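Let's take a walk through this structure together. Have a look at it first, and then we'll stop at a few spots along the chain.

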Amino acid sequence: MTGLMDGRNVLITGVRNEWSIAWHCALALHRAGAGLAFSVLSEREASSVHKLLGASSIEAPVFLCDATDDARVDALAAQVRDTFQGRLDGILHSIAFARKEELSGEYLTTSRDGFVLAHESSVYTLVNLSRATRPLLQAAGGGSIVTLTYLGAERVVPNYNVMGVAKAALEASVRYLASDLGKDNIRVNAVSAGPIKTLAARAIAGFDTMIRQVEERSPLRRAVGADEVADAVLFLLSPLARGVTGEVLYVDGGYHIMGM
Ligand code: NAD
């Protein structure tokens, strides 16, 4: 895929460690020639990303940003503007959070503040990042925003609970943002990934069962890897997907097409 993203700059959010899906997306984008900038939640994640960058010989700035904080998101947009001379071609939104205690048992018992926290972290961050970076994407003549979702948005997946409801709002946000931003030639899409062992996933009770079910029941009879999700993200961020917006692309070995 060398050259597909030559001359294009992408902001990557949500790298926590080498298992993060966003890190695999960063590797795929780098191999395709994209210039990268990273935004992470904490100093600890920044140091982890610096180590990953050093080991893979990728040069890219790493900015700190809690994406629920409007002022920090605006400051991030200014840092990205200065890094890439005012233009940005793509954003990967790979951010989600819900309290561990909300990811087991009955959805019925979700607390009000846990509900708000999950939606603010996992959905509003996409809206906020899209708002703040719109002028940079406009300056590039258009661009592509990609987020990551999961089947629990549309089916009841045991223990996924409030995160499933947040992912439903995320997928609806993809459609509304695609409609708002299409006139600027900015596309907004989601990749619905099958279960992959990451730190965020480990918070969901019975996560290993989710993987086992995909291995047993999906048409491909195996779980997908983060590298496969990354290739789909690369496609959506690239000019190959220039006619695609408002879409949810499944990278789950076909699991979602099966009757249960
Ligand atoms: P991960 O734990 O590696 O990444 C989650 C990231 O979200 C972390 O880097 C964390 O710092 C970031 N984050 C949380 N709150 C934030 C905030 N307020 N501001 C900025 N960053 C914040 O786990 P992952 O599995 O790579 O998750 C990435 C995305 O993929 C999430 O949206 C997740 O729901 C989605 N997803 C994961 C799976 C899976 O099985 N792992 C499947 C489908 C979708």
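How does Glu228 count: buried, partly exposed or exposed? Keep in mind that this is a predicted model. Glu228 counts as partly exposed, because its relative accessibility is 27% and that label covers values from 20% to 50%. Its side chain meets that of Arg222 in a salt bridge, with N and O 2.8 Å apart. Arg222 is partly exposed too, at a relative accessible area of 35%.

That pair is one of seven salt bridges in the structure. Some of the others share partners: Arg99, Glu102 and Asp113 are joined into one network that way. Start with Arg99, which is partly exposed at 25% relative accessibility. One salt bridge ties Arg99 to Glu102, where the closest N and O atoms are 3.8 Å apart. Glu102, at 7% relative accessibility, counts as buried. Another ties Arg99 to Asp113, at 3.2 Å from N to O. This second pair links distant parts of the chain: Arg99 sits in the loop between strand S4 (90-93) and helix H4 (112-139), while Asp113 belongs to helix H4, 14 residues apart. As for Asp113, its relative accessible area is 47%, so Asp113 is partly exposed.

Now head over to strand S5, residues 143-149, and find Ser144 there. Ser144 has a relative accessible area of 0%, so it is buried. What does Ser144 touch, leaving aside its neighbours within four places in sequence? Its contacts are Asp89, Gly90, Ile91, Leu137, Arg187, Leu236 and Leu237. With Leu236 we can zoom in further: its backbone oxygen lies 2.7 Å from a polar atom of the Ser144 side chain.

Terms used. Residues numbered from 1 in each chain as written. Predicted model: local features only at pLDDT ≥ 70, side-chain atom pairs only at ≥ 80, totals over all residues. Heavy atoms only, no water. Helix = DSSP H or I, 4+ residues; strand = E, 2+ residues; numbered from the N terminus. Buried < 20%, exposed > 50% of the residue type's maximum accessible area, 1.4 Å probe, protein only. Polar contact = N/O pair within 3.5 Å; in protein donor to acceptor, adjacent residues only side chain to side chain. Contact = heavy atoms within 4.5 Å. Salt bridge = Lys/Arg side-chain N within 4 Å of Asp/Glu carboxyl O.
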